[in-house]
Amino acid sequence: MLKARGPLHTLKEYHPPLGNREGLRLDFNENTAGCSPRVLERLRQLDGTTVARYPEREKGEQVVAAHLRVAPEELLLTNGTDEAIHLVCQAYLEPGDDALIVVPTFAMFEIYAAATGARVVSIPAGPHFEFPTQAVLSLLTNGSDKNVRATRVRLIAVANPNNPTGTFVPVQDLARIAKAAPDAAILVDEAYFEFCGESMMPKWRECPNLFVTRTFSKAYGLAGLRIGVLTGHKEQMHMLRRASSPYNLNSVALECLPAALADKSYVREYVNQAIVGRRELEADLAARGIRHWPSRANFVLFYLGDNCKTFVHEMRARGILVRDRSSDYGCKGCARVTVGRDEHNQRLIEVMREVFAELGIGEQVAR
Ligand SMILES: Cc1ncc(COP(=O)(O)O)c(C=O)c1O
């Protein structure tokens, strides 16, 4: 057997629930309505030549640049945000470097950073899962943690809004961090931007070490096509383009993307429904006295303690998949539930009430 590089032996394994996901899938923050009908229409029009030819990324990049109101040289279309994170880690991290993440957060930051041989330094979020801006800044400026030298920090990755907590870091805080760490790539993952509305884009013109990613997997419902975008200062993007395969995206995704972007009302309505559902869910949890974290994304995290596993199991038995996040840092006993289209939100809330009643969760407060 070949021996894989050292860092791969100690990598954390990411185990998404990929099999046996029958039912209403509210466990993965996917779009519950599917993609726009215009995308389906476009798919039906595709013929054999689209599939036979190597994909041409350039046209799609112009469309996305116009959509984001940035220059085409300031972006790179990627095979989902996952590839964007991977590319940034590959481009800037070496063995001996430090990569900072604030936990809990999206698992792929740690996996891709550690795979390069860099050391991943995890800083815990505050007691309400708030982003510890001050702690990050003091670590960068004073090196207050004797094990972390500011000069070795080459990557700081932040999901904003964060997954699994739904919390949001003010963009000014991230800009301060970017300025305090000019030798580090600051990767801001805005996978849930559409449900939140605030962005760092195009702050890289002030902070050239900043990268912002977006995905078409969530609000646009294209997770299966795998398409996202990495944006940043054009000189940095030039380097990243060198490291990327010219054929990193499939031609079907590229053909469908313009149709998805053109159907603005479809995305707007979907996002509105998800936000209304999020508010209703949060109000229901509050009325029951269930601890939860106000979310800026298309999901809500809440604490059920010892009842968490049974709750997830009972929801599944009633045809709704939700996610036990107990293995994430600071999330023991927490479940995460995706919101989406009205009818799915209504079904979710009804079934949750039934399960809460059966398990006696939040009863005293609700009465
Ligand atoms: C914060 C965050 N970033 C990225 C992704 C994955 O995005 P993509 O499908 O574009 O790879 C997810 C998916 O759950 C996520 O939560």
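Start at the ligand and select Asp82. A backbone N or O atom of Asp82 sits 3.1 Å from an oxygen atom of the ligand. Keep in mind that this is a predicted model.

Add Thr81. Here a polar backbone atom is 2.7 Å from an oxygen atom of the ligand. Then pick Asp189. A polar atom of the Asp189 side chain lies 2.5 Å from a nitrogen atom of the ligand. Now show the ligand with its surroundings: the protein covers 92% of the 400 Å² of accessible area that the ligand has on its own.

Which residues come nearest to the ligand? Of the 13 around the ligand, they are Thr81, Asp189, Tyr192, Thr215 and Ser217. Label these five before moving on.

**The seven-stranded sheet**

Zoom out and colour the strands. Seven of them make an open sheet, in the order 2-8-7-6-5-3-4, with mixed pairing. Select residues 75-78 and 119-124 next. These are strand 2 and strand 4, the edge strands, and each pairs on one side only. Look along the sheet: from one strand to the next, the twist averages 20°.

Go to residues 98-103, which are strand 3. Strand 3 and strand 4 run parallel, and six bridges join them. For one pair to display, take Ala99: its bridge partner in strand 4 is Val120. Now add residues 107-115. This is helix 6, and it packs on the sheet. Helix 6 touches strand 3, strand 4, strand 5 (153-159) and strand 6 (185-189). Its direction makes about 160° with that of strand 5.

**Two cis peptide bonds**

Select Val103 and Pro104. The peptide bond from Val103 to Pro104 is cis, with omega near 5°. Pro104 is in the loop between strand 3 and helix 6.

Move to Asn160 and Pro161. A cis peptide bond joins them too, and omega is about -5°. Where is Pro161 found? Look in the loop between strand 5 and helix 8 (171-180).

**Two residues with positive phi**

Pick Asn29. Its phi is near 60°, a positive value in a residue other than glycine. Asn29 belongs to the loop between strand 1 (24-25) and helix 2 (37-45). Is Asn29 buried or exposed? Relative accessibility is 0%, so Asn29 counts as buried.

Jump to Arg226. Phi is near 60° in Arg226, again positive in a residue other than glycine. Find Arg226 in the loop between strand 7 (210-215) and strand 8 (228-232). Arg226 counts as partly exposed because its relative accessibility is 28%. The cut-offs are under 20% for buried and over 50% for exposed, with partly exposed in between.

**The four-stranded sheet**

Now travel along the chain to another sheet. Four strands form it, open, in the order 9-10-13-12, and the pairing is antiparallel. Select residues 292-293 and 323-324, which are strand 9 and strand 12. Both stand at the edges with a single partner strand each, so one side of each has no neighbour in the sheet.

Next, select residues 299-303 and 334-338. These are strand 10 and strand 13, which run antiparallel with five bridges joining them. Two pairs are worth displaying. Val300 stands opposite Val337 in strand 13. Phe299 stands opposite Thr338 in strand 13.

Turn to the other partner of strand 13. Strand 12 and strand 13 run antiparallel and are joined by two bridges. Show Asp324, which stands opposite Ala335 in strand 13.

Add helix 11, residues 264-287. Helix 11 lies across strand 9, strand 10 and strand 13. It runs at about 10° to strand 10.

Finish on strand 13 with side chains shown. Why is strand 13 described as largely enclosed by the rest of the structure? Five of its five residues are buried, so the strand is largely enclosed. Check each face in turn. Cys334, Arg336 and Thr338 lie on one side, and Ala335 and Val337 on the other. Both faces are covered, and these residues are all buried.

Note on methods: Residues are numbered from 1 along each chain as its sequence is written. This is a predicted model: local features need pLDDT of at least 70, side-chain atom pairs count only at pLDDT 80 or more; totals for chains, interfaces and linings use all residues. Side-chain values use heavy atoms; hydrogens and water are left out. Two strands pair if DSSP finds at least two bridges between them. Axes are lines fitted to C-alpha atoms, for helices over the stretch in contact, and angles run from 0 to 180 degrees between N-to-C directions. Contact means heavy atoms within 4.5 Å. Buried means under 20% relative accessible area, exposed over 50%, partly exposed in between (1.4 Å probe, protein chains only). A residue is near a molecule or strand if one of its heavy atoms lies within 4 Å of it. A polar contact is a pair of N or O atoms within 3.5 Å; within protein, one must be able to donate a hydrogen and the other to accept it, and residues adjacent in sequence count only if both atoms are side-chain atoms. Accessible areas come from the Shrake-Rupley method with a 1.4 Å probe; for residues, only the protein chains shown count as cover.
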